[in-house]
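Thanks for coming. Today I will talk about pockets, and I will keep it short.

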Amino acid sequence: MIPIYIPYLNKKAKKYLSDCIDTNWVSSQGAYIGRFEKGLAKYHKVKYCIATSGCTSALHLSVKSLGIGKGDEVICPDLTFIAPANMIILSGAKLKLVDVNPETLAIDHKKIVKKITKKTKAILVVHQFGHSADMDPIMKIARKYNLKIIEDNAESIGGKYKGKKLGTIGDISTLSFYANKIITSGEGGAILTNSKKVAEKCYILRDHGMARTSDSIKKYVHVDLGYNYRMTNMQAAVGLSQLEVINKILKKRNAQMLLYNKLLSKIGEIKLRSFKEWCSPVHWMFTMTLNKKNLRNKLIHFLNKQGIDARPMINPVHQAFHFKKYFNDNDFRNSINISKNSLHLPSSTYLGANDIKFICSKVKFFFKKKY
């Protein structure tokens, strides 16, 4: 089976992990935490980076650090992994979902304004599958209505919007280093911000609400209701080994995307992703949409039988069991259509040209034999 994704690890990961074990710094203290945070901040050219246990916890901290809670509303795209929506609810705020743009697969800025009320405090933007949201009009809306912008850049690290790295445009952003992300620490995430106040709040909330001080006595004073959302030193060690070769990873992955596009572009039954001129995309998962409805699952089963681990697109947020009674399908026609008819092909960084040619030949054969 050609897996959907396997992490791209190198010898430095073993070296750094061995250093953690040899020095007994294996939990949430240790030098690699600071090195990873500083490296991520430098790469993105932001002032502060807070490493976390995952992108989900980073999202929770981001919402809470902006002072958002009960009685507030946060706008979020309907077609995204469930984590952003769940963390909005967990923070006590009300979730306001918006349909996506069918080309970018990111939140449709033209549909945001009608969702804004006096209670709206933030827009949570997801840069979806390596393609940025259209940030200029979103930032214009945010300024007009005095809203905060949270960027979820879990899937698009290294991507750019009009020359600006994703995750550096809004007030705060989150990254993911899960095993299937562009760079990985196994599990793990991070927060980026240029606000000292927000960064301090994130550090406090991440570390059980403990005071931020070097005093070994006073630091055990709890100044807020906090969480244990810390990354381990071992995770940071793996993450740092990945960050040090991120440009190499992005280059290899971009070549994969170009080859996939070349080999599949002439199949009339499918639609490949297009990229806006203002976007410098990155390749996370190779995504394609079938033009004929109710055929996606049949193609996935066919590819699975050929030893290809193709996966369905994520489901719309509003269809989750704990959300669906609050929303109407008619408001999310783009996200429903894209979700039902799209799939991801294997996208590991290790994937070679011969693997991609084999996968594409099976996709072509499926349509040639008329399903």
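What follows is a walk through two pockets, one after the other.

Before that, please keep in mind that this is a predicted model.

Let us start with the largest pocket. The space in there comes to about 610 Å³. Its lining is made up of 29 residues, and those closest to the centre are Phe 81, Glu 155, Asn 180, Lys 181 and Trp 284. Sorted by character, the lining residues of this largest pocket come out as 15 nonpolar, nine polar and five charged.

Which helices and strands each supply at least two residues of that lining? They include helix H3, residues 55-65, and helix H4, residues 83-90. Strand E13, at 311-312, also belongs in that group. Of the elements, H3 gives the most to the lining of the largest pocket, namely three residues.

Now the second largest pocket. Here the volume is about 450 Å³. Its lining has 18 residues, and nearest the centre you will find Gln 29, Arg 206, Asp 207, Arg 212 and Lys 219. The split for this lining is seven nonpolar, five polar and six charged.

As for where the second lining comes from, helix H2, residues 31-44, and helix H6, residues 196-206, each supply at least two residues. The largest share is from H2, with three residues.

On the general idea behind all this: rolling a probe the size of a water molecule over the atoms shows where empty space is left.

To recap, we have looked at a largest pocket of about 610 Å³ and a second largest of about 450 Å³. That is the end of my part.

Key: Residues numbered from 1 in each chain as written. Predicted model: local features only at pLDDT ≥ 70, side-chain atom pairs only at ≥ 80, totals over all residues. Heavy atoms only, no water. 1 Å grid on protein atoms, 1.4 Å probe; cavity = no way out; pocket = protein on both sides within 12 Å on 5 of 7 lines; lining within 4 Å. Points joined across faces, edges and corners; volume = space filled by probe spheres on them. Helix = DSSP H or I, 4+ residues; strand = E, 2+ residues; numbered from the N terminus. Nonpolar A, V, L, I, M, F, W, Y, C, P; charged D, E, K, R; others polar.
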